[in-house]
Amino acid sequence: MPQSRFSPKAIRAVRRQLGLNQREFAERLGVSSFVTISRWENGRNKPEGMAERALARLVYALQNGEPPEELVQQEGVAPMPESAQTNE
């Protein structure tokens, strides 16, 4: 299983900070179902690819004082500001 930068505890904390249940969090991150979020939070699976990047954008924005209602949109997570992007 690939290494993730997010622990199960950290994923749960982000979701709770945003005031979302697992189903809502899954929808906002664009993952298949709330079961995926449950597995992440229980350490059975780890976020990968686009879901991990979306989660990273949420964490970055929360750490920089962005209001949650601006972070979580119906169509997905707001993009990371250009100033925060790194050249990988």
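1. Confidence. The model is predicted, and its chain has a mean pLDDT of 79, with 70% of the residues reaching 70 or more. Confidence varies along the chain: helix 3 has the highest value, 97, whereas strand 2, residues 76-77, has the lowest, a mean of 50. Over residues 78-88 the pLDDT stays under 50, and the model has twelve contacts beyond four places in sequence for this stretch. These contacts should be read together with that confidence value.

2. Overall architecture. The chain contains five helices and two strands. Read from the N terminus, the order of the elements is α-α-α-α-α-β-β. Of the 88 residues in the chain, 38% are buried. The accessible surface amounts to about 5,900 Å², and carbon and sulfur atoms hold 43% of that surface. Among contacts with a separation of 6 or more, 53% are between residues 24 or more positions apart.

3. The largest nonpolar core. This core has 18 residues, and the members that touch the most others are Val14, Phe25 and Leu29. Two or more residues are given to the core by each of helix 1 (8-18), helix 2, helix 3 (34-41) and helix 4 (49-63). Helix 4 provides the largest share, with seven residues.

4. The two sides of helix 1. The buried residues in helix 1 are Ile11, Val14, Arg15 and Leu18. Viewed down the helix axis, the buried residues of helix 1 fall within an arc of 95 degrees, and therefore line one face of the helix. The general geometry is relevant here: an α-helix has 3.6 residues a turn, so residues three or four places apart point the same way. On the face of helix 1 turned away from the buried side are the exposed residues Lys9, Arg16 and Gln17. Val14 thus appears twice in this note, as a buried residue of helix 1 and among the core members that touch the most others.

5. The ends of helix 1. Pro8 lies in helix 1. Its relative accessible area is 27%, which means that Pro8 is partly exposed. Beyond its neighbours within four places in sequence, Pro8 contacts Trp40, Glu41, Asn42 and Gly43. Pro8 and Arg39 are 31 residues apart in sequence, yet their C-alpha atoms are 8.6 Å apart in space. After helix 1 comes Gly19, which has a positive phi, near 75 degrees.

6. Arg28 in helix 2. Arg28 belongs to helix 2, which spans residues 22-29. Which class of accessibility applies to Arg28? Arg28 counts as buried, because its relative accessibility is 13%, and the cut-off for a buried residue is under 20%. The side chains of Arg28 and Glu27 are joined by a polar contact of 3.5 Å.

7. Leu29 in helix 2. Leu29 is also found in helix 2. With a relative accessibility of 7%, Leu29 counts as buried. Leu29 is one of the three core residues named as touching the most other members. The C-alpha atoms of Leu29 and Arg53 are 9.3 Å apart in space, and the two residues are 24 apart in sequence.

How values were computed:
Residues are numbered from 1 along each chain as its sequence is written. This is a predicted model: local features need pLDDT of at least 70, side-chain atom pairs count only at pLDDT 80 or more; totals for chains, interfaces and linings use all residues. Side-chain values use heavy atoms; hydrogens and water are left out. Helices (H or I, at least four residues) and strands (E, at least two) are DSSP runs, numbered from the N terminus. Buried means under 20% relative accessible area, exposed over 50%, partly exposed in between (1.4 Å probe, protein chains only). A polar contact is a pair of N or O atoms within 3.5 Å; within protein, one must be able to donate a hydrogen and the other to accept it, and residues adjacent in sequence count only if both atoms are side-chain atoms. A nonpolar core is a set of buried Ala, Val, Leu, Ile, Met, Phe, Trp, Tyr and Cys residues joined through side-chain atoms within 4.5 Å. Contact means heavy atoms within 4.5 Å. Accessible areas come from the Shrake-Rupley method with a 1.4 Å probe; for residues, only the protein chains shown count as cover. The arc is that of the directions from the helix axis to the C-beta atoms. pLDDT is the predictor's confidence in each residue, from 0 to 100.
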